[in-house]
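Student: I would like to go through this model and ask what lies behind each term used for it.

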Amino acid sequence: MLKIGVPSKGRLMEQTFEWFGARGVTMRQSGRDREYAGAVDGIDGVELVLLSAGEIPRELAAGRIHLGVTGSDLVRDKLADWDRQVAELAQMGFGHADLIIAVPAAWVDCDTMDDLDAVAAGFRAAHGFRLRIATKYHRLVREFLTEQGVAEYQLVDSQGATEGTVKNQTAEAIADITSTGETLRANDLKILGDSVIHQSQATLFAARQAGWDVEKRATLTRLAGMLGVKAGAI
Ligand SMILES: Nc1ncnc2c1ncn2[C@@H]1O[C@H](COP(=O)(O)OP(=O)(O)OP(=O)(O)O)[C@@H](O)[C@H]1O
Ligand SMILES: O=P(O)(O)OC[C@H]1O[C@H](OP(=O)(O)OP(=O)(O)O)[C@H](O)[C@@H]1O
């Protein structure tokens, strides 16, 4: 069976089901609402695996699923050299969110990455520790700050409610995803103008090292035909 991993809850799951359904591939939870087993109708040889969106990159890299739907941000952050491990088959047009850096709105002279660099450079001398940036996107944020030449900072791990860390005084700045901007505004934070690290959306990925035997390749070709995507990269 060709295994496809999709998010197990929320809007990402619903919109994924809709996207496949519109292309003749019907996905559904096979048991009760809370049961993480699924079924696929409309094509033979495909098995649905419902997983946490955050775990799908690792399952793809390990070859335990052949295809997977998750945010492009999560694949880039969780996998080193992500494009050697997975191939992007389709950008699905939902789940849009930008990974950005935000600082307190009260920092009136800090609006750009250069400004942040200047604040960070003086911060340690004034406070005795490096400026703290809270995030769960460690790889992407580190890479971006290195590219931008910002060195005087430390990352603080935050796996949720990241915007609250500034008010709670566990960080001075945050790097997180935003879509409407409401959470940032509610927490008196502003986006640095040139700090868009990644523009994410839900994406269909294929695992490069997942035991693609003749049978699974044939299933992939049929599925790709229904979905209107190119699977030649696999
Ligand atoms: N407010 C949002 N608007 C649009 N997309 C979002 C939003 N929040 C998160 N996403 C996207 O949804 C995906 C899943 O995010 P996240 O890992 O936070 O989900 P979750 O539901 O907490 O999943 P998990 O089961 O792993 O806890 C990410 O790719 C992210 O970019
Ligand atoms: O710009 P907005 O529309 O306000 O959306 C942004 C929020 O959505 C995400 O949180 P999520 O609800 O996934 O919870 P989390 O705190 O667990 O990440 C993200 O981490 C932001 O907090």
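**Terms and evidence**

Student: The shell around ligand 1 is divided by class; how many residues fall in each class?
Tutor: This is a predicted model. The shell around ligand 1 has 5 nonpolar, 8 polar and 1 charged residues. Gly counts as polar in this scheme, so Gly54 and Gly71, which are among the residues that come nearest to ligand 1, belong to the polar class.

Student: Which other residues come nearest, and which elements give two or more residues to that shell?
Tutor: Ser52, Ala97 and Ser179 are also among those that come nearest, out of 14 residues around ligand 1. The elements giving two or more residues to the shell are α1 (10-21) and α3 (72-78).

Student: What makes a residue part of the surroundings of ligand 2, and which residues are they?
Tutor: The C-beta atom, placed from the backbone, has to lie within 6 Å of the ligand. The residues around ligand 2 are Gly160, Ala161, Thr162, Glu163, Asp176, Ile177, Thr178, Ser179, Thr180, Gly181, Glu182 and Thr183, so each of these meets that cut-off. β10 (173-178) supplies the largest share, 3 residues, and α8 (182-186) supplies at least two. By class there are 2 nonpolar, 7 polar and 3 charged residues in this shell.

Student: How many residues of domain 1 and domain 2 are in contact?
Tutor: Domain 1 (2-96 + 201-227) and domain 2 (98-198) come from the domain assignment. Contact requires C-beta atoms within 7 Å, and 4 residues of domain 1 are in contact with 7 residues of domain 2. On the domain 1 side, these residues divide into no nonpolar, 1 polar and 3 charged. The C-alpha centres of the two domains lie 32 Å apart.

Student: Why are β4 (46-51) and β6 (86-91) said to stand at the edges?
Tutor: The sheet is open, with 5 strands in the order β4-β1-β5-β13-β6. β4 and β6 each have a single partner strand, so one side of each is left without a neighbour in the sheet. Neighbouring strands are turned by 30 degrees against each other on average, direction ignored.

Student: What makes the pairing of this sheet mixed?
Tutor: Both senses occur. β1 (residues 2-7) pairs in the parallel sense with β4 over 6 bridges and with β5 over 2 bridges, whereas β5 and β13 run antiparallel, joined by 5 bridges. Two strands pair if there are at least two bridges between them, so β1 and β5, with 2 bridges, satisfy the criterion. Gly5 has Val49 of β4 as bridge partner and stands opposite Gly68 in β5. Leu67 has Ala206 of β13 as its bridge partner.

Student: Why is β5 called mostly covered?
Tutor: A residue is buried if 20 or more other C-beta atoms lie within 10 Å of its own. In β5, 5 of 5 residues are buried, so each of them reaches that count. For the protein, 36% of its 234 residues count as buried.

Student: Which helices are placed against this sheet, and at what angles to β1?
Tutor: α1 lies across β1, β5 (67-71) and β13 (202-207), running at about 135 degrees to β1. Helix α9 (residues 214-227) packs on the sheet and touches β1, β4 and β6. The direction of α9 makes about 45 degrees with that of β1.

Definitions and conventions
Residues are numbered from 1 along each chain as its sequence is written. Chains are lettered from A and ligands numbered from 1 in the order in which they are written. This is a predicted model: local features need pLDDT of at least 70, side-chain atom pairs count only at pLDDT 80 or more; totals for chains, interfaces and linings use all residues. Helices (H or I, at least four residues) and strands (E, at least two) are DSSP runs, numbered from the N terminus. Domain bounds come from an automatic or database domain assignment. Two residues are in contact if their C-beta atoms, placed from the backbone, lie within 7 Å. Axes are lines fitted to C-alpha atoms, for helices over the stretch in contact, and angles run from 0 to 180 degrees between N-to-C directions. A residue is buried if 20 or more other C-beta atoms lie within 10 Å of its own, exposed if 12 or fewer, and partly exposed in between; C-beta atoms are placed from the backbone.
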